[in-house]
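Biologist: I have a new model open and would like to talk through how its descriptions are justified. Shall we take them one at a time?

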Amino acid sequence: MMPVALEFLFEDCVRACVRFLEAMPWTEEEEERVLALIPFLGEEESRELVARVSPMVAASGDWKSTSEEMLHGLIDVAIRRHPNVATVKAFVAKILKDFPYRGSVQRVLDQAFLSSLETVKDYLGKYASPDVRVAEDSDEREAIQRLNLHAVMSNLKHLHWLVERIIEVRVADTAVREWSEQEALAADLMKTFRDDTWKNIAPGLPLLVTRCSYRLADAVASGATLAPRQVRMKIVRNWLPVLNVLRDTFSPLPSGYRTLYPDLEETFLKIISTLPLSDAQELLQQCLSFSTRNLDDCPHLTSAFKTWFRRANRPPHGYRTN
């Protein structure tokens with residue numbers, strides 16, 4: 001009816017048709033027909049229809065920011081506020097994976113990752129170096145410490161889920177760079193793991209930390225993320241000591257760690273093999289603990305040292321012997 005009413009300038013009919021269209025759901029085909037009619041309507045008449053099918057242009061001129069706001073809200077609900085967490089996380093993960101604009105997904109995931117990482121650092125810092133002025137009573141201080149460590153655990157779960165999404169959609173550059181810079185976070189974790197208190201409060205903490213490190217380091221070692229030399233060196237230099245502390249903490253390794261730890265060891269060794277000999281020399285010496293479980297069970301370490309010595313004993317490039 002609308003095209004006919006517009007042709008004959010039957011304004012009452014046009015307004016009735018617009019009100020009907022505003023109130024009714026459309027199929028995708030019907031939406032295309034409505035979009036074709038909008039240019040023939042006045043600004044006032046078409047305002048509600050346009051608002052339904054077209055985003056507002058931001059002050060920056062970027063109309064995609066509306067989609068990014070929605071994605072950010074979905075992530076926030078999925079990891080923090082929905083009671084049926086697993087199902088909702090799976091649904092949001094699919095939306096992120098299928099979203100056609102990779103740049104938007106990267107910006108949203110980077111923002112969420114950085115926010116979660118800062119929260120983890122904040123709570124872990126409070127746990128590892130508590131402020132005794134906060135509570136005078138020892139029981140109260142212990143309760144605060146338990147709350148801090150529970151908060152670390154909860155937010156680390158969020159962070160791990162974000163890392164998985166970042167790896168899945170192959171936008172790990174920012175996450176890898178930031179993880180490689182976390183010397184203070186790694187130090188707080190080692191301080192925490194050297195005290196057995198965490199075992200009764202957050203026994204799953206080492207597994208989450210190791211999974212985050214493995215997924216990000218593996219993105220570098222596999223070439224999925226092309227990290228500069230300094231990033232490659234720092235991700236091993238800062239997180240290898242954490243792995244060594246955890247290996248000393250668990251003997252024998254619990255079942256959930258028996259493949260993860262060797263996988264992370266091998267990943268670190270692969271990254272070390274991409275570094276200059278001087279950097280590799282420094283880091284390989286810290287990998288000797290990889291051999292402590294069984295000398296016959298560390299071919300990855302044997303191979304890494306053979307590679308280093310082969311390269312070290314090669315005449316310098318451009319050097320000529322008589």
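Modeller: Gladly! Helices here are DSSP runs of H or I with at least four residues, numbered from the N terminus. By that count, N244 has its place in helix α13, residues 229–249. Do keep in mind that this is a predicted model.

Biologist: Thanks. What makes N244 count as buried?

Modeller: Buried means under 20% relative accessible area. N244 has 13% relative accessibility, so N244 counts as buried.

Biologist: And which residues does N244 touch, leaving out those up to four places away in sequence?

Modeller: N244 touches Q286, S289 and F290. Contact here means heavy atoms within 4.5 Å.

Biologist: Let's move to helix pairs. Why is α7 called oblique to α10?

Modeller: The axes of α7 (residues 102–128) and α10 (residues 183–193) come within 10 Å and cross at roughly 45°. Angles under 35 degrees count as roughly parallel, and 65 to 115 as roughly perpendicular. The crossing angle fits neither range, and therefore α7 is oblique to α10. The crossing of these two helices is left-handed.

Biologist: Which residues make that contact?

Modeller: From α7 come L117, V120, K121, L124, G125, Y127 and A128, and they meet L185, D188, L189, K191 and T192 of α10. By class, the contact of α7 with α10 has 7 nonpolar, 2 polar and 3 charged residues.

Biologist: How do you know that the span of α8 agrees with its number of residues?

Modeller: The expected span is 1.5 Å times one less than the number of residues. Helix α8 (residues 138–168) has 31 residues and so should span 45 Å; its end C-alpha atoms are 45 Å apart, which agrees. Just after α8, R170 takes a positive phi of about 60°.

Biologist: How do α12 and α14 cross?

Modeller: The axes of α12 (residues 205–221) and α14 (residues 260–272) come within 9 Å and cross at roughly 35°. The crossing is left-handed. Among the α12 residues in this contact are P206, L207, Y214 and A217, while the α14 side includes L260, Y261, L264 and F268. The residues of the contact of α12 with α14 divide into 11 nonpolar, 3 polar and 4 charged.

Biologist: And for the whole chain, how many helices and strands are there?

Modeller: The chain has 16 helices and 0 strands. Of its 322 residues, 41% count as buried. Among contacts between residues at least 6 apart in sequence, 73% join residues at least 24 apart.

Definitions and conventions. Residues numbered from 1 in each chain as written. Predicted model: local features only at pLDDT ≥ 70, side-chain atom pairs only at ≥ 80, totals over all residues. Heavy atoms only, no water. Buried < 20%, exposed > 50% of the residue type's maximum accessible area, 1.4 Å probe, protein only. Axes fitted to C-alpha atoms, helices over the stretch in contact; angles between N-to-C directions. Parallel < 35°, antiparallel > 145°, perpendicular 65-115°, else oblique. Left-handed = near helix turned anticlockwise from the far one by under 90°. Nonpolar A, V, L, I, M, F, W, Y, C, P; charged D, E, K, R; others polar.
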